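Open the model in your viewer and keep the sequence panel beside it. The stops below tell you what to select and what is there.

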Amino acid sequence: MSTVADQQARLAALLDRQDILDCLTRFSRGMDRFDRALFLSAFHPDAEIAAGDFVGGPEALYDWASAMHESGQYATHHNLLNHTCDIDGDTAHTETYYLFAARNRDDSNWLAGGRYLDRLERRAGQWRIALRTNAVEWSGTVPTMPIPFADIPDIHANGVPSRGPQDPSYTRPLRNMRRPNIPS
């Protein structure tokens, strides 16, 4: 039978894991929405990152990656998958599988998979990435097909997916502006 102290320790560990996962999600969303502040909030300012041919700090990473994605893709999705997290005090080591998907400017589709290997540190109560290395394990392109439902006249009545604060995900409160079109 667990004691109150055991339950409190377990709850604290779960809250740390959630804060760490939220941090990793800020990185992905910040990159996909071109939200510099959100992206940078995932890293300590002195973090070291090795990703592709980039090695450097978080501000330079954002500049490099956003320029690469702006010139190469209309849209990107950095999807986070399996996640392990080993916490030791104010340091955590994580392995997070990812699936990267992009619609390239030539209308081809790029898929890649790998793992983010991170050391996070809790400083001033905030979990952020202190060191990241990216293990890319596979990559390829898939045939181009039309975007589903693109021909529906009011498909973007709730907002056009985009990079930046005009994306519908920033709308508060979120509302539906599309009209019912299925007979009851």
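**First stop: pairs of opposite charge**

Select Arg-115 and Glu-137: they form a salt bridge in which the closest N and O atoms are 2.3 Å apart. Arg-115 belongs to strand β5 and Glu-137 to strand β6, so this bridge ties together distant parts of the chain, 22 residues apart. Glu-137 is partly exposed, at a relative accessible area of 47%. Keep in mind throughout that this is a predicted model.

Next, select Arg-132 and Asp-118. Their side chains also meet in a salt bridge, at 2.7 Å from N to O. This pair, too, links distant parts of the chain: Arg-132 sits in strand β6 and Asp-118 in strand β5, 14 residues apart. Are these two residues buried or exposed? Arg-132 has a relative accessible area of 4%, so Arg-132 is buried. Asp-118 counts as buried as well, because its relative accessibility is 2%. The cut-off for buried is under 20%.

Leave Arg-132 selected and add His-93, which lies in strand β4. The two residues are 39 residues apart in sequence, and their C-alpha atoms are 9.9 Å apart in space. His-93 counts as partly exposed, because its relative accessibility is 43%.

Now move to Arg-103 and Asp-107. A salt bridge joins their side chains, with 3.8 Å from N to O. Arg-103 is buried, at a relative accessible area of 17%, whereas Asp-107 is partly exposed, at 33%. Keep Arg-103 in mind, as it returns at a later stop.

To finish this stop, select Asp-46, Arg-119, Glu-121 and Arg-123 together. A network of salt bridges links these four residues. How many salt bridges are found in the whole structure? A search of the whole structure gives 15.

**Second stop: the whole chain**

Clear the selection, show the chain as a cartoon and color by secondary structure. There are three helices and six strands. Following the sequence, the pattern reads α-α-β-β-α-β-β-β-β. Turn the model around: along the principal axes, the C-alpha atoms fill a box of roughly 55 × 45 × 25 Å. The chain has 184 residues, and 33% of them count as buried.

**Third stop: the largest pocket**

Switch on a surface for this stop. Rolling a probe the size of a water molecule over the atoms shows where empty space is left.

The largest pocket has a volume of about 740 Å³. To find the pocket, select Ala-75, His-77, Arg-103, Ile-147 and Pro-161, which lie nearest its centre among the 27 lining residues. Three elements give two or more residues to this lining: β3 (73–88), β4 (91–104) and β5 (109–123). Which of the elements supplies the largest share of the lining? That is β3, with four residues. By type, the lining of the largest pocket divides into 17 nonpolar, five polar and five charged residues.

**Fourth stop: the second largest pocket**

The second largest pocket holds about 380 Å³ of space. Its lining has 20 residues, and Ala-51, Trp-64, Met-68, His-78 and Asn-134 are the closest to its centre. Select those five to center the view.

Then color the elements that each supply at least two residues of this lining: α1, β1 (43–51), α3 (58–72), β4, β5 and β6 (126–142). The largest share, five residues, comes from α3. The lining of the second largest pocket is made up of 14 nonpolar, four polar and two charged residues.

**Last stop: a patch on the surface**

Finally, select Leu-11, Leu-14 and Leu-15. Together they form a nonpolar patch on the surface, with about 300 Å² of accessible area. Leu-15 is in helix α1, which covers residues 4–32. Is Leu-15 buried or partly exposed? Leu-15 counts as partly exposed, because its relative accessibility is 48%. A residue needs over 30% relative accessible area to join a patch.

Methods. Residues numbered from 1 in each chain as written. Predicted model: local features only at pLDDT ≥ 70, side-chain atom pairs only at ≥ 80, totals over all residues. Heavy atoms only, no water. Patch = residues over 30% accessible without salt bridge, like charges linked within 9 Å, V, L, I, M, F, W, Y side chains within 5 Å. Areas by Shrake-Rupley, 256 points an atom, 1.4 Å probe, with all protein chains shown as cover. Buried < 20%, exposed > 50% of the residue type's maximum accessible area, 1.4 Å probe, protein only. 1 Å grid on protein atoms, 1.4 Å probe; cavity = no way out; pocket = protein on both sides within 12 Å on 5 of 7 lines; lining within 4 Å. Points joined across faces, edges and corners; volume = space filled by probe spheres on them. Nonpolar A, V, L, I, M, F, W, Y, C, P; charged D, E, K, R; others polar.
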